[in-house]
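Trainee: Please take one part of this structure and go through it closely. I would like the helices and what they pack against, in one connected account.

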Amino acid sequence: MKQITAVIKPFKLEEVREALAEQGVTGLTVTEVKGFGRQKGHTELYRGAEYVVDFLPKVKVEVVVKTVDVERCVDAIIRAARTGKIGDGKIFVTSVERVVRIRTGEEDETAV
């Protein structure tokens, strides 16, 4: 099993959720986060004063899928989240050693 973590622009969340649902993903976790990458934030104007926004709002989407499903889920996220502009985000894929469903005690792939 693998965990896919995608950090995306907030307005792309619904499209990514729908794309993952089409791939058979039945659950995901979403967290509002802030950060920056190569764009290093940006400047904004407020009441005539310019100020720097160091950390940009993003959304972190986390899903755990079977290893055989990773590539098509990653591809679905890329298609749904891409705008072609700087700051589209990143996807991280990591191994998951164990999953336990608390309610039933099911483990690993039956718990996903």
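Mentor: A residue is called buried when its relative accessible area is under 20%, exposed when that area is over 50%, and partly exposed in between. The model is predicted, and what follows is computed from it.

Take α1 (13–22) to begin with. Its buried residues are Val16, Ala19 and Leu20. They lie on the same side of α1, because the arc they cover around the axis is only 95°. That buried set packs against β1, β5 and α2. Leu20 shows this in detail: leaving aside neighbours within four places in sequence, leucine 20 is in contact with Val25, Leu28, Val61, Val63, Cys73 and Ile77. Just after α1, glycine 24 has a positive phi of about 90°.

On the other end of α1 is the loop from β1, and phenylalanine 11 lies in this loop between β1 and α1. With a relative accessible area of 58%, phenylalanine 11 counts as exposed. Its C-alpha atom is separated by 8.9 Å from that of valine 59, although the two are 48 residues apart along the chain.

Now α2 (70–81). Its 12 residues should span 16 Å at 1.5 Å a residue, and the end C-alpha atoms are 16 Å apart, so the expected and computed spans agree. The buried residues in α2 are Val70, Cys73, Val74, Ala76, Ile77, Ala80 and Ala81. These cover an arc of only 160° around the axis, and therefore sit on the same side of α2. Glu71 and Arg79, on the other side of α2, are exposed. The cover over the buried residues of α2 includes β1, α1, β5 and β6 (89–95).

Both helices take part in the largest nonpolar core, which has 18 residues; Ile4, Ile8, Val16, Leu20 and Val65 are those with the most contacts inside it. At least two residues of this core come from each of β1 (2–8), α1, β5 (56–65) and α2. The largest share, 7 residues, is from α2. In soluble globular proteins, nonpolar side chains tend to be buried together.

The largest pocket also involves α2. About 340 Å³ of space lies in this pocket. Its lining is made of 19 residues, and Val25, Thr26, Val64, Val65 and Val112 lie nearest its centre. β5 and α2 each supply at least two residues of the lining, and β5 gives the most, with 4 residues. Val65 thus appears twice, among the core residues with the most contacts and among the lining residues nearest the pocket centre.

One more region is worth a look, the segment after β6, where glutamate 107 lies. Glutamate 107 is partly exposed, at a relative accessible area of 36%. Beyond its neighbours within four places in sequence, glutamate 107 is in contact with Arg98, Val99 and Val100. Aspartate 108 is also placed in the segment after β6. Aspartate 108 has a positive phi of about 55° although it is not a glycine, and is partly exposed at a relative accessible area of 29%.

Definitions and conventions
Residues are numbered from 1 along each chain as its sequence is written. This is a predicted model: local features need pLDDT of at least 70, side-chain atom pairs count only at pLDDT 80 or more; totals for chains, interfaces and linings use all residues. Side-chain values use heavy atoms; hydrogens and water are left out. A nonpolar core is a set of buried Ala, Val, Leu, Ile, Met, Phe, Trp, Tyr and Cys residues joined through side-chain atoms within 4.5 Å. Buried means under 20% relative accessible area, exposed over 50%, partly exposed in between (1.4 Å probe, protein chains only). Contact means heavy atoms within 4.5 Å. The expected span of a helix is 1.5 Å times one less than its number of residues. The arc is that of the directions from the helix axis to the C-beta atoms. On a 1 Å grid over the protein atoms alone, a cavity is a set of points where a 1.4 Å probe fits but cannot get out, and a pocket is an open set with protein on both sides within 12 Å along at least five of seven lines; lining residues have an atom within 4 Å of a point. Grid points are joined across faces, edges and corners, and a volume is the space filled by probe spheres set on the points.
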